[in-house]
Structure formats: structure tokens, C-alpha cells
Amino acid sequence: MRSVSKKDSMFVSRRFGPPEQREFPLAREAAQKLVPRPEITEEQRAEMHFRIYDSVQYDYRITVQWFQPVRAELGMIASARGVVKAIDAANIRFQLVDGERVWWIGVEDVVGVKK
């Protein structure tokens, strides 16, 4: 029978510890990935709006990056690729569709659009 070293025992106990002890490092790591909302110039915003409208009109795929607020002034940058199928002017958002996945993205949250 193989004896277990103190080092191996420590790793095993951490792996199988209570869930709250396992979640803390994950929460800390997620908090380190939070970024402030990027500043977008009017010229950049106009170009992004043009690409979004173009995707609706000509039915081609674009990659959209948008800011998702998590807490206070910090959040994460999400990204998705798809075709813009609808623009909701009343709620100032658009629908990005990729196969079966659908995102409703607020126009003010968009930080980047690539063809």
C-alpha cells in the first residue's frame, strides 16, 4: 500500500473541500477580470451603428463586443458573432442571431463591431 505524502493530502483536501471554499478562488479570479466601461468616441459609435445597420440590410455576420455591468462601474466585455436580425428602436437594442443562440444587446453597451 502506497503512503500519502503531506503535500498530496493537502491537494486532495482542497479539491474535496466544502463548496464555499472552492467558490472563493473562482469569485476572486472573476473579480480580477472586471474592467471599467470603455470610452467610445462619437466617430467610433457612428461606425459601429453603420455596421450594425449594414448587417440587417445585407444579412452578413459581424462580431459584436459589448459591456456587461457586474457591479458599480465595473463589468465584463462579452463577444458574439452573428447576423443582426432585428432592431428594437423603442428599447434601443438589437437582436444578434447565431444559429439557435440569440442575444438582445443594448446599443449603448456596444464597445466594438467587426465585419
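Before I count anything, a definition: helices, of at least four residues, and strands, of at least two, are DSSP runs that are numbered from the N terminus. With that in hand, I can say that the protein has three helices and six strands, and please keep in mind throughout that we are looking at a predicted model. If you follow the sequence along, the elements come in the pattern α-α-β-α-β-β-β-β-β.

Let me give you the overall picture next. Of the 115 residues in the protein, buried ones make up 27%, and the protein exposes about 8800 Å², of which carbon and sulfur atoms supply 54%. If we take the contacts with a separation of 6 or more, residues 24 or more positions apart account for 48% of them.

Now I would like to turn to helix α3, which covers residues 42-58. How far apart should the ends of this helix be, at 1.5 Å a residue? The rule takes 1.5 Å times one less than the number of residues, so the 17 residues of α3 should span 24 Å, and the end C-alpha atoms are indeed 24 Å apart, which agrees. Within α3, the buried residues are Arg-45, Met-48, Ile-52, Asp-54 and Ser-55, and what they pack against is a set of strands, namely β2 (62-71), β3 (74-88), β4 (93-98) and β6 (110-114).

There is also a salt bridge in this helix, where the side chains of Glu-47 and Arg-51 meet at 3.6 Å, N to O. Side chains of opposite charge can pair when their charged atoms come close. Glu-47 and Arg-51 are four residues apart in α3, and therefore about one helical turn separates them. An α-helix has 3.6 residues a turn, so residues three or four places apart point the same way. Since partly exposed covers the range between 20% and 50%, Glu-47, with a relative accessible area of 45%, is partly exposed, and so is Arg-51, at 23%.

Just after the helix comes Asp-59, whose phi is positive, near 55 degrees. Which residue does Asp-59 form a salt bridge with? The partner is Lys-85, and the closest N and O atoms are 3.2 Å apart. This pair links distant parts of the chain, because Asp-59 sits in the loop between α3 and β2 while Lys-85 lies in strand β3, 26 residues apart. Asp-59 is partly exposed, with a relative accessible area of 46%, and Lys-85 also counts as partly exposed, at 47%.

In that loop between α3 and β2 we also find Arg-61, which is partly exposed, with a relative accessible area of 37%. Leaving out residues up to four places away in sequence, Arg-61 touches Arg-81, Gly-82, Val-83, Asp-98 and Lys-115. The C-alpha atoms of Arg-61 and Val-84 are separated by 7.6 Å, although these two residues are 23 residues apart along the chain.

The contact with Asp-98 deserves a moment more, since the side chains of Arg-61 and Asp-98 make a polar contact at 3.0 Å. The side chain of Asp-98 also meets that of Arg-101 in a salt bridge of 2.8 Å, N to O, and Arg-61, Asp-98 and Arg-101 are linked in a network of salt bridges. Is Asp-98 buried or exposed? The cut-off for buried is under 20% relative accessible area, so Asp-98, at 17%, counts as buried.

To place these pairs in context, I will finish with the total: a search of the whole structure finds six salt bridges, among them those of Glu-47 with Arg-51 and Asp-59 with Lys-85.

Note on methods:
Residues are numbered from 1 along each chain as its sequence is written. This is a predicted model: local features need pLDDT of at least 70, side-chain atom pairs count only at pLDDT 80 or more; totals for chains, interfaces and linings use all residues. Side-chain values use heavy atoms; hydrogens and water are left out. Buried means under 20% relative accessible area, exposed over 50%, partly exposed in between (1.4 Å probe, protein chains only). Contact means heavy atoms within 4.5 Å. A salt bridge is a side-chain nitrogen of Lys or Arg within 4 Å of a carboxyl oxygen of Asp or Glu. Accessible areas come from the Shrake-Rupley method with a 1.4 Å probe; for residues, only the protein chains shown count as cover. A polar contact is a pair of N or O atoms within 3.5 Å; within protein, one must be able to donate a hydrogen and the other to accept it, and residues adjacent in sequence count only if both atoms are side-chain atoms.
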